[in-house]
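Got your viewer open? Let's take a walk through this model together, one selection at a time.

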Amino acid sequence: MQNFKVKRAKAFSAELEVPGDKSISHRSVMLASLTNGSCEITGFLPSEDCLATVGAMRALGVKIEVLEENDYGPVRLLVHGTGGQFSKPEQPIDCGNSGTTMRLLSGILATQDFETQLIGDDSLSKRPMGRIIDPLTLMGATLQGTGEKQTAPLSITGSNELQAIDYQMPVASAQVKSTILLAGMSAQGETVVHESAPTRDHTERMLNYLKVETLRDGDAVSICSGQAAEARNLLVPGDISSAAFWMVAVAATPGAVLRIKNVGLNSTRTGVLNILERMGASITVVVDDSGAEPCGTVEIHGGNLNATEIGGSEIPNVIDEIPILAVAAALAKGRTVIKDAGELRVKESDRLSAVADGLRSMGVPVQEFEEGMEIEGGAALHGAEIDSQGDHRIAMAFAIAGLFADGETLVTDVDCVNTSYPGFDKELRQVMEG
Ligand code: S3P
C-alpha cells in the first residue's frame with residue numbers, strides 16, 4: 001500500500017496534459033462494441049476503472065486489440081463491434097471499483113437474452129444500484145441486487161423484448177441516464193429520460209456521432225429503438241476532472257500560471273472553471289468544437305481566492321470536483337457554502353465526511369451537513385495524516401492540500417489513484433521539487 005508524503009510546493013507554473021477522460025473512455029469501449037464494425041479509440045485512459053470495462057466487454061465476446069501502450073497501459077485500442085449481440089460470460093464480470101462500468105453495462109445486459117452476474121470491490125458493493133434496477137425492471141429486464149439494500153453482486157437477465165419507458169430520474173445522474181438510453185436502443189418505442197438538473201451528456205454525444213439519434217427537449221432526452229450504431233473512430237480528450245487538481249493548485253497561488261492542453265471542455269463538465277473564476281482566478285479557454293466532444297486549452301493565472309457558494313443545478317456539473325473545490329475553499333478568504341451535494345455520500349467513499357474530516361485535521365474549521373458543508377477558509381493549513389479511504393479523488397485532493405500546508409502531509413492508501421489518474425504521483429513529485 002503506497003502513501004503520498006507531501007510538503008509545501010516550490011513552484012506551480014506548468015504546462016501539462018492529463019490522461020484521457022474516464023467517462024468518455026468507458027463509453028468509447030461500450031459503444032464501439034455495439035457497432036457493426038471496427039472502431040479505433042485514441043487517447044483511452046489506461047486506468048483500473050476503464051480496464052474493468054475493457055475486461056467486461058471482452059468477457060461478453062468482444063475482440064479488443066491494444067494498438068499502443070504508454071507506461072501505465074493501453075492508450076489506443078481497436079474494438080471489433082458485435083452489432084449488439086454478445087455471448088454469455090463464463091464467470092461473473094468483475095467491475096472492480098467502477099460504478100460507471102457496473103451501471104452502464106447493466107443497460108447493455110438488460111437487452112441480452114441471458115443471465116450475467118456483476119461483482120465489484122467492497123466500495124462498489126456498497127453503492128446504490130436500486131437507481132438502475134428500478135427503470136430496467138420497468139422496461140422488462142430481471143435484475144436483482146443480491147447484496148444488502150439492493151447492492152451488488154447484481155444478477156441480470158436481459159430480454160430482447162424490452163419496452164420503452166418515460167422515466168423521471170429520482171437523482172440527477174449521468175450514469176442512470178446512460179443506462180436507460182443504452183437499454184432504450186433496443187426497447188420497443190421511444191424511451192424518454194427526464195433529469196432534474198443537466199448531467200454530463202457524453203453518451204448522447206457519442207451515440208449521435210455513431211449515427212444513433214437522441215433528442216433533447218428541455219429536461220428530457222429520448223431515443224428510439226432500431227437504430228444501428230455505425231463504426232467510427234473515437235478520440236478521447238484529457239479528463240477535466242483530473243486537470244482540476246492542478247487547476248486548483250495554480251488558482252490558489254498568486255503569480256502562478258498553468259496551461260493545460262487537449263483537455264475536454266464539454267459544458268456539462270466545465271463548472272470547475274466557472275467556480276474558480278468566480279473565486280478570483282483568471283482563466284482563458286480556447287475550444288475546438290469540431291469533434292464529438294469539445295476540447296482545447298485552458299490557461300489559469302492564480303490569485304487570492306475568495307469564498308463562494310456551490311449548489312443547485314451546478315452540483316452535477318462538478319460532482320467529481322467537490323473534494324478539490326473544498327480544498328480551494330479552505331485556501332480562499334471567507335466562508336464557502338457547498339449545498340445540495342448529498343450524492344457525494346454514495347461515491348467511492350462518503351466524500352462529504354472524508355473531506356470534512358480531512359480538512360479539520362489540517363486545521364480548517366468545517367461544519368458538515370447532511371447535504372453539504374461550510375468551510376471557513378483562509379487559515380494556515382497544517383500537515384496531517386489523511387486516510388484516503390481508498391477513494392482516488394480524496395487521495396488527490398489532500399495531496400494538493402498538502403502542497404499548501406506547513407510540515408508534512410501523509411496521505412495513506414493512495415494506490416486507488418490508478419482508478420482515474422495513473423501518473424498523478426509523477427506530476428506531484430515535479431511540483432514539490434520545483
Ligand atoms: C459519471 C457520472 C457521475 C460521476 C462519475 C462518472 C459518468 O456519476 O460521479 O464519476 O461517467 O457518467 P453519477 O452519474 O452517478 O452522478
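How do the residues of the shell around the ligand divide into nonpolar, polar and charged? Keep in mind that you're looking at a predicted model. To find out, select Lys-22, Ser-23, Arg-27, Thr-100, Ser-173, Ala-174, Gln-175, Arg-200, Ile-319, Asp-320 and Lys-347, the residues around the ligand. Color them by type and you'll get two nonpolar, four polar and five charged.

**Stop 1: where the shell comes from**

Next, select α1, which spans 22–34, and α5, which spans 174–184; each of these helices gives the shell at least two residues. The largest share belongs to α1, with three residues. Now color by domain: domain 1 (4–19 + 237–433) and domain 2 (22–221) each supply at least three residues of the shell.

**Stop 2: polar contacts**

Zoom in on the ligand's oxygen atoms. Start with Arg-27, where a polar side-chain atom lies 2.6 Å from an oxygen atom of the ligand. Then pick Asp-320: an N or O atom in its side chain is 2.7 Å from a ligand oxygen. For Gln-175, show the backbone too, since a backbone N or O atom is what lies 2.9 Å from an oxygen atom of the ligand.

Now switch on a surface. On its own, the ligand has 380 Å² of accessible area, and the protein covers 96% of that. Hide the ligand for a moment to see the place where it sits, the second largest pocket.

**Stop 3: two backbone oddities**

Time to leave the ligand. Here's some background: most peptide bonds are trans, and most residues other than glycine have a negative phi.

Which peptide bond is cis here? Select Ala-152 and Pro-153 and look at the bond going from one to the other: omega is near 0 degrees, so to speak the cis form. Pro-153 is in the loop that runs between β8 (142–145) and β9 (154–157).

For the last selection, go to Lys-211. Where does this residue lie? You'll find Lys-211 in the loop between α6 (202–209) and β12 (214–217). Check its backbone angles: phi is near 70 degrees, a positive value in a residue that isn't glycine.

How values were computed. Residues are numbered from 1 along each chain as its sequence is written. This is a predicted model: local features need pLDDT of at least 70, side-chain atom pairs count only at pLDDT 80 or more; totals for chains, interfaces and linings use all residues. Side-chain values use heavy atoms; hydrogens and water are left out. A residue is near a molecule or strand if one of its heavy atoms lies within 4 Å of it. A polar contact is a pair of N or O atoms within 3.5 Å; within protein, one must be able to donate a hydrogen and the other to accept it, and residues adjacent in sequence count only if both atoms are side-chain atoms. Accessible areas come from the Shrake-Rupley method with a 1.4 Å probe; for residues, only the protein chains shown count as cover. On a 1 Å grid over the protein atoms alone, a cavity is a set of points where a 1.4 Å probe fits but cannot get out, and a pocket is an open set with protein on both sides within 12 Å along at least five of seven lines; lining residues have an atom within 4 Å of a point. A molecule sits in a cavity or pocket if more than half of its atoms lie within 2 Å of its grid points. Helices (H or I, at least four residues) and strands (E, at least two) are DSSP runs, numbered from the N terminus. Ala, Val, Leu, Ile, Met, Phe, Trp, Tyr, Cys and Pro count as nonpolar, Asp, Glu, Lys and Arg as charged, and the others, Gly among them, as polar. Domain bounds come from an automatic or database domain assignment.
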